[in-house]
Amino acid sequence: MTTMTPAVLPALTVAVALLASQADAQATTERRTDASAVIQEAQRLLESERTTTRAQHAEAWKLTERDWERYETLMEGPRGIWSPDIDPITALGVEARSAEERRRYAELLVEVERERAERELAFQRAYDEAWQRLYPDEMPVDEFTLRPRNALHFTGEGALQARLTVYVAVEECERCDSTVSELMAQGAQMDIFVLDSDGDDAVIRDWARRVGVPADRVRARDITLNHGQPDPERGIAAGSLPQVYPR
């Protein structure tokens with residue numbers, strides 16, 4: 001049996017310690033490599049999820065992913081503070097970088113709004129039919145709307161005020177003009193029906209410009225312009241205008 005001398009023992013101890021240290025270092029390096037790989041994979045999955053979500057949002061608004069990225073960038077700046085609830089298409093249109101870009105977003109918004117209105121009107125008709133079917137002898141409490149402010153709104157003094165239905169004529173009715181002007185000055189929300197438009201949109205637009213109906217309030221649906229028909233049973237006729245009713 002070989003006996004180690006005292007001088008050999010310290011050297012052996014140092015060698016074992018060195019090997020152990022190298023093994024620990026290698027294990028630490030491997031753990032760091034594993035952790036780095038896990039982090040990179042997590043980041044990759046997160047970015048993939050963000051890309052998927054961005055694509056879904058863009059598709060819902062009929063936009064490209066590049067459009068959506070620019071919208072997100074815009075909303076991180078002053079536009080997001082000025083208009084926090086603005087829709088993506090309007091935000092892009094307002095901040096358009098060229099006339100061509102502005103026209104593209106304007107046409108896209110018209111298309112999206114038209115589809116939205118058609119869906120809402122379809123459900124409105126279904127609601128009306130359901131009410132008549134389920135409660136034929138009862139008066140509806142309120143008609144369906146996706147925008148409650150279309151039916152009721154608050155005045156500057158905080159009083160609740162009903163939306164108005166206004167019947168007017170564009171010819172030989174100065175009271176019609178003055179009544180609408182007064183209602184606008186009061187901030188009333190209203191649906192205006194023109195009885196003598198003969199189905200011609202231009203007649204209504206020309207009258208609206210003459211009376212001073214703000215285009216932005218029409219776009220916001222605070223005021224709507226419509227073709228109307230006489231209803232003698234309710235006293236709505238050319239010789240008895242204007243007529244104003246709360247909805």
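Biologist: How many helical turns separate tryptophan 68 and tyrosine 71?
Modeller: Both residues belong to helix α2, residues 65–75; a helix here is a DSSP run of H or I with at least four residues, and a strand is a run of E with at least two, both numbered from the N terminus. An α-helix has 3.6 residues a turn, so residues three or four places apart point the same way. Tryptophan 68 and tyrosine 71 are three residues apart, so their separation is about one helical turn.

Biologist: What kind of model is this?
Modeller: Residues are numbered from 1 along each chain as its sequence is written, and side-chain values use heavy atoms, with hydrogens and water left out. Local features need pLDDT of at least 70, side-chain atom pairs count only at pLDDT 80 or more, and totals for chains, interfaces and linings use all residues, as the model is predicted.

Biologist: Which residues of α2 are exposed on the side away from its buried ones?
Modeller: Buried means under 20% relative accessible area, exposed over 50%, and partly exposed in between, with a 1.4 Å probe and protein chains only. The buried residues of α2 are Asp67, Trp68, Tyr71, Leu74 and Met75. They cover an arc of only 120 degrees around the axis and are therefore on the same side of α2, the arc being that of the directions from the helix axis to the C-beta atoms. The exposed residues on the other side are Arg66 and Thr73.

Biologist: Are the rings of tryptophan 68 and tyrosine 71 stacked, edge-to-face or tilted?
Modeller: Rings of Phe, Tyr and Trp (its six-membered ring) pair if their centres lie within 6.5 Å; planes under 30 degrees apart count as stacked, over 60 as edge-to-face and the rest as tilted. The whole structure has three aromatic pairs. The rings of tryptophan 68 and tyrosine 71 have centres 4.9 Å apart and planes at 55 degrees, so this pair is tilted.

Biologist: How many residues lie between the positions of tyrosine 167 and tyrosine 245?
Modeller: Tyrosine 167 and tyrosine 245 form an edge-to-face pair, at 6.1 Å centre to centre and 80 degrees between the planes. This pair links distant parts of the chain, as tyrosine 167 is in strand β3 and tyrosine 245 in strand β6, residues 243–246. Their positions are 78 residues apart.

Biologist: Is tyrosine 245 buried, partly exposed or exposed?
Modeller: Tyrosine 167 counts as buried because its relative accessibility is 11%. Tyrosine 245 has a relative accessible area of 23%, so this residue is partly exposed.

Biologist: Which elements give two or more residues to the largest nonpolar core?
Modeller: A nonpolar core is a set of buried Ala, Val, Leu, Ile, Met, Phe, Trp, Tyr and Cys residues joined through side-chain atoms within 4.5 Å. The largest one has 24 residues, and those touching the most other members include Val166, Ile192 and Trp207. The elements that give two or more residues to this core are β3, α6 (174–185), β4 (190–194) and α7 (201–211).

Biologist: How many residues are in the second core?
Modeller: The second core is separate, and Tyr71, Leu92, Tyr105 and Leu108 are among its members. Its residues number 13.

Biologist: Which backbone oxygen lies 3.0 Å from a polar atom of the side chain of arginine 163?
Modeller: Arginine 163 is in the loop between β2 (160–162) and β3 (164–168), and is buried because its relative accessible area is 1%. A polar atom of its side chain lies 3.4 Å from the backbone oxygen of aspartate 222. The oxygen at 3.0 Å is that of arginine 221.

Notes. A polar contact is a pair of N or O atoms within 3.5 Å; within protein, one must be able to donate a hydrogen and the other to accept it, and residues adjacent in sequence count only if both atoms are side-chain atoms.
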